[in-house]
Amino acid sequence: MRKFLLILFLVVCPLTVFAEEEKPVSLEQLILQQHFTQKELERTLTLIKKEETRTQGDIAQLELDLKRQKLVIEAMHRHAGEVARAYYTGERANLLTLLLNAENFNEFLLMFDFIQILYDRDMQRLEMYQTERTKLVTMQEEEHNRLAQLKELRQKYEAQLSEMLAIQAEKEKNVQKLDDPTTVEALMDHLIADWQKRGLPAFQTFFGVLADVMVQVPELATPDRIQSDGLFSHTLIINQDDFNQFLMNKDELFKQSHFSFEDNKLIVDGTYDHMQLRLVGTYELVSPSELKFHISELYFDGFALPPSTVADMEKMYDLGFYPGLISPNIQVEGISMQDEELKLHLRLNLPFGFGSK
């Protein structure tokens, strides 16, 4: 009965305590976090293995295509050689002599048409040969890139496998320290089942909707939010409350979440499908036309998701900002998120060099 009450208490109570740094983490909580990380690493290892298998298949197909292409090149090389030889030895020049020796205008026209057809065919052969050679080079480059990708996947797999095994070993040591591991083992099973059935799909839905809405953020670039710093320099200031209201107007999903601008970080806290979600990320100015969003922390019901899962989420869902959606002449010079305000420092570049530094 005591075990049952403990399990019920831990399952029903919010798990966000694990994300609160000010509270000490118990051994049971640490084990749950380690188990969660281990299982997520195992899931992403499976995904890497599948991608590796697909890449190996692509490489095998490319190798077959390259063999066929080389046979085509060899055959066309003979034809191209014959054409080149004909011009080098003067065979085509002899035809020009016949043209000049035509006895009448009709014979001249017939010879001219014949030479034109022959010349066009020669040029077509040479162009086709060059096209196929270019195609071969492209295929060889593609094979090289695929081989590099395969090597990278293998290195990523081995590094992540090593990390997973280390976490698993540490978790098992911690489990051995418990007087009765039955309770925490039951919670581990519950946590993973909950994440796989409810958590991961919910995260994918949340990020999918957020990515769609982020494309519409340029709608907030209204005159009342733009501060002029000169003829061509301007600052777009988006208040935190306005941003949250904008999101809620776009989708009811965001009524249960809150977006904060603090210390140059975008922080999202919210609930979705009775699940607590937390996201921390930053914007990187990749170019004057692109701000890329990097996720630094991601939590499910207080449990930190491992970097591999975070990287997958970042890769799958583009939360970046593109100033060109405001105007094709707008460029970003910098971004800051402080005191509940997001500030985009913009420069207006007009045609013919006006506005450029």
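This is a short tour of the structure above, stop by stop, with what to select and what you will find there.

**Before you start**

The model is predicted, so local features are described only where pLDDT is at least 70 and side-chain atom pairs count only at pLDDT 80 or more, while totals for chains, interfaces and linings use all residues. Residues are numbered from 1 along each chain as its sequence is written, and side-chain values use heavy atoms, with hydrogens and water left out.

**Stop 1: the five-stranded sheet**

Select residues 257-262 for β3 and 265-272 for β4, then add β5 at 275-287, β6 at 290-300 and β7 at 303-304. Helices (H or I, at least four residues) and strands (E, at least two) are DSSP runs here, numbered from the N terminus. Together these strands make an open sheet in the order β3-β4-β5-β6-β7, with antiparallel pairing. The edges are β3 and β7, each with a single partner strand, so one side of each is left without a neighbour in the sheet. Two strands count as paired if DSSP finds at least two bridges between them. As a reminder, strands of a sheet pair through backbone hydrogen bonds, either parallel or antiparallel.

**Stop 2: walking across the sheet**

Start with β4 and β5, which are joined by 7 bridges. Pick I267 and you will find its bridge partner, V280, in β5. These two strands form a hairpin with 2 residues between them, and D273 in the turn has a positive phi of about 55°.

Move on to β5 and β6, an antiparallel pair with 10 bridges. This is also a hairpin with 2 residues between the strands. Three opposite pairs are handy to display: Y283 with F293, L285 with L291, and L279 with L298.

Finish at β6 and β7, where 2 bridges join the antiparallel strands. Here F300 stands opposite F303.

**Stop 3: two residues with positive phi**

Which residue in the hairpin of β6 and β7 takes a positive phi? Select D301: its phi is near 50°, although D301 is not a glycine. D301 sits in the loop between β6 and β7 and, at 11% relative accessibility, counts as buried. (Buried means under 20% relative accessible area, exposed over 50%, and partly exposed in between, using a 1.4 Å probe and protein chains only.)

Now jump to N264, in the loop between β3 and β4. Its phi is near 60°, again a positive value in a residue other than glycine. N264 is partly exposed, with a relative accessible area of 35%.

**Stop 4: the aromatic cluster**

Show the side chains of F36, W195, F203, F206, F207, F243, F254, F259, F261, F300, F303 and Y317: ring pairs link them into a cluster. Rings of Phe, Tyr and Trp (its six-membered ring) pair if their centres lie within 6.5 Å; planes under 30 degrees apart count as stacked, over 60 as edge-to-face and the rest as tilted. The whole structure holds 14 aromatic pairs.

Zoom in on one of them, F36 and F303, a tilted pair at 5.9 Å centre to centre with 50° between the planes. F36 belongs to helix α2 (residues 27-88) and F303 to strand β7, so this contact links distant parts of the chain, 267 residues apart. Both rings belong to buried residues.

**Stop 5: the largest nonpolar core**

Keep F203, F207, F243, F254 and F259 on screen and add L298: these touch the most other members of the largest nonpolar core, which has 56 residues. Such a core is a set of buried Ala, Val, Leu, Ile, Met, Phe, Trp, Tyr and Cys residues joined through side-chain atoms within 4.5 Å. Colour helix α5 (residues 182-214) next, as this helix gives the most to the core, with 16 residues. The core draws at least three residues from each of domain 1 (27-164) and domain 2 (198-348); these bounds come from an automatic or database domain assignment.

**Stop 6: the four-stranded sheet**

Where are the edge strands of the other sheet? First, its order: this open sheet of 4 strands runs β1-β2-β9-β8, with antiparallel pairing. The edge strands are β1 (226-228) and β8 (330-338), each pairing on one side only. Select β2 at 233-239 to see its 3 bridges to β1, with I226 opposite L236.

**Last stop: a charge over a ring**

Finally, select K49 and Y157: K49 lies over the face of Y157, at 5.3 Å from the ring centre. A charge sits over a ring if NZ of Lys or CZ of Arg is within 6 Å of the ring centre and within 35 degrees of the ring normal.
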